[in-house]
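This report describes selected local features of a single chain. The sequence and the model are shown first.

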Amino acid sequence: MTQVSRRRLLGIAGAGVALAGAGAAAGAGIDHALSAPEAQAAPEIVPFHGEHQAGIVTPAQEHLHFAALDVTTKDRAKLVSLLRKWTDAARRMTAGQEVVQGGAVGGAGAAPPGDTGEALDLPAASLTLTIGFGPSLFDDRFGLAGKRPAALADLPAFPKDNLDPARSGGDLCIQACANDPQVAVHAVRNLVRIGFGTTEVRWSQLGFGRSASTSTSQVTPRNLFGFKDGTNNLKAEDPAALAQHVWVAPGDGPDWMAGGSYLVARRIRMHIETWDRTSLDEQERIVGRAKGTGAPLGQSAEFDPVDLHVGGADGEPLIATDAHIRLASAENLNGARILRRGYNFVDGSDGVGHLEAGLFFICFNRDPRTQFVPMQKALSAKDSMMEYVEHTGSALFAVPPGVTETGYWGESLFA
């Protein structure tokens, strides 16, 4: 794919050709393409504006930098001002530009640069920035208590949770996804820098090797257990399913959330060494799929329909009653589905020689109370995989709808 550097983009912009917001091309923002077909955009640039925020059904990029922040001011005007500044910066960075023109080296030598500079000469790398509002933002600081959606209810305590408060919660979240890790890190770093004095980072997580596909154009990736993950995920090419399971509809709650979604983040440590000592047969029984092909047990190919009722020679179901894919299936959850968008992570070792590694699970859903929560209750109580995983972080955010070319993130909330 053609690489478009920030330097090249600036040159094109100078010639009077506006690339940002020009529309969707192959591999570009499907969020926007689904709602408003437009002219072609340059490769590697995902349109920022649209009905929904980019970074939800956009084809999942290879790298993630996720940050949860606390708001340190009680001044509503300062918070709104910050959201405007963040939006302007995001418009430029997702188009492959510096935070401000001449940001890294073009300003006054006696002042800090307006861009940190580590992404100079790098392509846009399909960068998307997605923002969310946590339940704690709706306390008495900013006059938002009456606008808190009922669906933004605090997540219940699930069986076997071992949550670290230092990896949980937050007033705001920023999800940066890109095909170059430095581009994603640059984006979050600069938004955090702009927020100095108004916000501070509560916790963050880097991810690599997307653990789900959000488009039929992508192959199903493997997680750190070596299995294809998210074969039955919702896909961008199915707008009817997205409308049913991902996008908040008018009438679902407060008007400001129409067109938005709800993001659930769960840091799941995987006990790699224990899994690696488990037999292949047992691994496949736990997951409910063949490790090589990804096919559901009893079937031959990855995308063959899952049949929870097919039995083996002994009459017992081939997909065990405590298998992961059975408990997470829509058939087992009264039709509930979610859009998964997680990433693998390895944060070194834990001091006793074990990998501090796992899945940073992210999902988007229309109402967590009827989708994610019943799914997680079933998994945490019955899934045999729980012997090999440990949930160590958790957060929920309301993701507002997309922005117009003159709007800002959260404009409908603060109107």
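Apart from neighbours within four places in sequence, Gln 61 is in contact with Ser 126, Leu 127, Thr 128, Cys 177, Ala 178, Asn 179, Arg 210, Arg 341 and Tyr 343. The model is a predicted one. Gln 61 sits in the loop that runs between α2 (30-35) and β1 (63-71). Its relative accessible area is 1%, so Gln 61 counts as buried, the limit being under 20%. A polar atom of the Gln 61 side chain lies 2.6 Å from the backbone oxygen of Ser 126.

Two other loop residues can be set beside Gln 61.

| Residue | Loop | Relative accessible area | Class |
|---|---|---|---|
| Gln 61 | between α2 and β1 | 1% | buried |
| Gln 97 | between α3 and β2 | 17% | buried |
| Pro 317 | between α7 and α8 | 29% | partly exposed |

Gln 97 and Ala 119 are separated by 22 residues in sequence, and their C-alpha atoms are 9.0 Å apart. For Pro 317 and Asp 307 the separation is 10 residues in sequence and 9.4 Å between C-alpha atoms. With neighbours within four places in sequence left aside, the contacts of Pro 317 are Leu 308, Val 310, Gly 311 and Arg 326. Pro 317 has a relative accessibility of 29%, and it is classed as partly exposed because this value falls between the 20% and 50% limits.

Next comes helix α3. This helix covers residues 76-94. Does the distance between its ends agree or disagree with the span expected from its 19 residues? At 1.5 Å a residue the expected span is 27 Å, and the end C-alpha atoms are 27 Å apart, so the two agree. At the start of α3, a side-chain oxygen of Asp 75 comes to within 2.9 Å of the backbone nitrogen of Ala 77. After the helix comes Gly 96, which has a positive phi, near 80°.

The buried residues of α3 are Leu 79, Val 80, Leu 82, Leu 83, Trp 86, Thr 87, Ala 89, Ala 90, Arg 91, Met 93 and Thr 94. In an α-helix there are 3.6 residues a turn, so residues three or four places apart point the same way.

A packed pair of helices is described by the angle between the axes and the distance between them. Helix α3 packs against helix α4 (residues 181-194) at an angle of about 155°, and the axes are 10 Å apart. The two helices are therefore roughly antiparallel, since the angle is over 145 degrees. Which residues make the contact between α3 and α4? From α3 they are Leu 82, Lys 85, Trp 86, Ala 89 and Met 93, and from α4 they are His 186, Ala 187, Asn 190, Leu 191 and Ile 194. The crossing of α3 past α4 is right-handed.

Helix α9 (residues 372-382) also has buried residues, namely Phe 372, Val 373, Met 375, Gln 376, Ala 378, Leu 379 and Ser 380. Among the elements that cover them are β5 (261-270), α8 (324-327), β8 (355-365) and β9 (389-399).

For the chain as a whole, there are 10 helices and nine strands. Of its 415 residues, 55% count as buried. Of the contacts between residues at least 6 apart in sequence, 75% join residues at least 24 apart.

Methods
Residues are numbered from 1 along each chain as its sequence is written. This is a predicted model: local features need pLDDT of at least 70, side-chain atom pairs count only at pLDDT 80 or more; totals for chains, interfaces and linings use all residues. Side-chain values use heavy atoms; hydrogens and water are left out. Helices (H or I, at least four residues) and strands (E, at least two) are DSSP runs, numbered from the N terminus. The expected span of a helix is 1.5 Å times one less than its number of residues. Buried means under 20% relative accessible area, exposed over 50%, partly exposed in between (1.4 Å probe, protein chains only). A polar contact is a pair of N or O atoms within 3.5 Å; within protein, one must be able to donate a hydrogen and the other to accept it, and residues adjacent in sequence count only if both atoms are side-chain atoms. Axes are lines fitted to C-alpha atoms, for helices over the stretch in contact, and angles run from 0 to 180 degrees between N-to-C directions. Angles under 35 degrees count as roughly parallel, over 145 as roughly antiparallel, 65 to 115 as roughly perpendicular and the rest as oblique. A crossing is left-handed if the near helix is turned anticlockwise from the far one by less than a right angle, and right-handed if clockwise. Contact means heavy atoms within 4.5 Å.
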